[in-house]
Amino acid sequence: MTIHEILPLVSTSFIVLSAICVAVGWVLIAQRKIKPHQKWMNAAAIFATIFFIVYVLRTSILGSTPFNGPESLKNVYLAFLLFHIVLATIGGVMGLVTLRYAYKNMVEKHRKIGPKTSIVWFCTAITGVTVYYLLYVKYPGGETKPLLDAIFG
Ligand code: HEM
């Protein structure tokens, strides 16, 4: 395995770990276990941050990997990738707002946004794993290159 294959696997694994922590945190709060909920959600935030750092460093230093599947699926893939990026961005912002409400003790607002943030984050993880599957498992071999070349090249 080359660094071009390892880094996406690492970053995708961290999104999945983060989503698993959110799921556990949600189950815990449903049982009114506040301290354990806080710990699991903090872990989710840490894993999400690691994902983000690895992703940004990889994309800025090594570049991005283009879709190597059939030409006819390229636009579908790009639309799906865009959907995943939009979800991840919204999920990240909602995550920060959710954490802020928690630490400012704004419990009502936190309770309201918490389930929405969790669902957006689950969708981010599922679409992220799908993008990983399409790029590195189903249609491997795309050559990693600078970001704009990978999208439009
Ligand atoms: C981004 C991270 C977090 C997410 C996604 C999240 C999500 C949730 C969800 C889904 C609920 C249940 C809402 C309901 O009642 O239906 C909840 C409640 C709660 N969360 Fe979080 N949470 C996060 C971080 C935290 C942190 C760090 C703390 C502690 C500082 C915290 C403290 C609480 C408390 C106290 C409640 C229960 C409020 C109540 O019903 O009395 N949460 N959260």
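**Exercise 1. Find which residues Phe 14 is in contact with, leaving aside its neighbours within four places in sequence.**

Solution. Leaving those neighbours aside, Phe 14 is in contact with Phe 47, Ile 50 and Phe 51. Keep in mind as you look that this is a predicted model.

Step 1: place the residue. Phe 14 sits in helix α1.

Step 2: look at a pair of C-alpha atoms. Phe 14 and Ala 45 are 31 residues apart along the chain, and their C-alpha atoms are separated by 10 Å.

Step 3: turn to one of the partners, Phe 47. Its place is in helix α2. Not counting residues up to four places away in sequence, Phe 47 touches Phe 14, Leu 17, Ser 18 and Cys 21.

Step 4: check a distance for Phe 47 too. Phe 47 and Ser 13 are 34 residues apart in sequence, yet 9.2 Å apart in space from C-alpha to C-alpha.

**Exercise 2. Decide how Phe 47 and His 84 should be classed by relative accessibility.**

Solution. Step 1: recall the cut-offs. Buried means under 20% relative accessible area, exposed means over 50%, and partly exposed lies in between.

Step 2: apply them to Phe 47. Its relative accessibility is 23%, so Phe 47 counts as partly exposed.

Step 3: apply them to His 84. This residue has 9% relative accessibility, so His 84 counts as buried.

Step 4: look at the surroundings of His 84. His 84 is found in helix α3. Beyond its neighbours within four places in sequence, His 84 is in contact with Ile 15, Thr 124, Thr 127, Gly 128 and Val 131.

**Exercise 3. Describe the chain as a whole, starting with its helices and strands.**

Solution. Step 1: count the elements. The chain has 5 helices and 0 strands. Read from the N terminus on, the elements run α-α-α-α-α.

Step 2: give the dimensions. The C-alpha trace spans about 50 × 30 × 25 Å along its principal axes.

Step 3: ask how much is buried. Of the 153 residues in the chain, 35% are buried.

Step 4: consider contacts between residues at least 6 apart in sequence. Among these, 76% join residues at least 24 apart.

**Exercise 4. Work out what surrounds the ligand and which residues are closest.**

Solution. Step 1: count the shell. The ligand is surrounded by 19 residues, and the closest are Arg 32, His 37, Met 41, His 110 and Arg 111.

Step 2: sort the shell by type. Its residues divide into 9 nonpolar, 8 polar and 2 charged.

Step 3: trace the shell back to the helices. At least two residues come from each of α1 (3–30), α2 (34–61), α3 (74–103) and α4 (107–138). The most come from α4, which gives 6 residues.

Step 4: pick out polar atoms. Arg 32 has a polar side-chain atom 2.6 Å from an oxygen atom of the ligand. For His 37, a polar side-chain atom lies 2.8 Å from a nitrogen atom of the ligand. In the side chain of His 110, an N or O atom is 2.7 Å from a nitrogen atom of the ligand.

**Exercise 5. Explain why the arrangement around the iron atom of the ligand is octahedral.**

Solution. Step 1: name the coordinating residues. His 37 (NE2) and His 110 (NE2) coordinate the iron atom at 1.9 to 2.0 Å.

Step 2: see where this pair comes from. His 37 is in helix α2 and His 110 in helix α4, so the pair, 73 residues apart, links distant parts of the chain.

Step 3: recall the rule. Six donors count as octahedral if opposite donors are over 155 degrees apart and all others between 65 and 115.

Step 4: use the angles. The 6 donor atoms subtend angles of 85 to 179 degrees around the iron atom, which makes the arrangement octahedral.

Step 5: finish with His 37. Its relative accessibility is 12%, so His 37 counts as buried.

**Exercise 6. Compare phi in Arg 32 and Asn 105 with what is usual.**

Solution. Step 1: start from the general pattern. Most residues other than glycine have a negative phi.

Step 2: look at Arg 32. Although Arg 32 is not a glycine, its phi is positive, at about 60 degrees. Arg 32 is found in the loop between α1 and α2. With a relative accessible area of 55%, Arg 32 is exposed.

Step 3: look at Asn 105. Its phi is near 65 degrees, a positive value in a residue other than glycine. Asn 105 has its place in the loop between α3 and α4. Its relative accessible area is 62%, so Asn 105 is exposed.

Definitions and conventions. Residues are numbered from 1 along each chain as its sequence is written. This is a predicted model: local features need pLDDT of at least 70, side-chain atom pairs count only at pLDDT 80 or more; totals for chains, interfaces and linings use all residues. Side-chain values use heavy atoms; hydrogens and water are left out. A residue is near a molecule or strand if one of its heavy atoms lies within 4 Å of it. A polar contact is a pair of N or O atoms within 3.5 Å; within protein, one must be able to donate a hydrogen and the other to accept it, and residues adjacent in sequence count only if both atoms are side-chain atoms. Helices (H or I, at least four residues) and strands (E, at least two) are DSSP runs, numbered from the N terminus. Ala, Val, Leu, Ile, Met, Phe, Trp, Tyr, Cys and Pro count as nonpolar, Asp, Glu, Lys and Arg as charged, and the others, Gly among them, as polar. Donors are N, O and S atoms within 2.8 Å of the metal (3.2 Å for Na, K and Ca); water is not among the atoms, so sites may look incomplete. Four donors count as tetrahedral if all angles lie between 85 and 135 degrees; four count as square planar and six as octahedral if opposite donors are over 155 degrees apart and all others between 65 and 115; anything else is irregular. Buried means under 20% relative accessible area, exposed over 50%, partly exposed in between (1.4 Å probe, protein chains only). Contact means heavy atoms within 4.5 Å.
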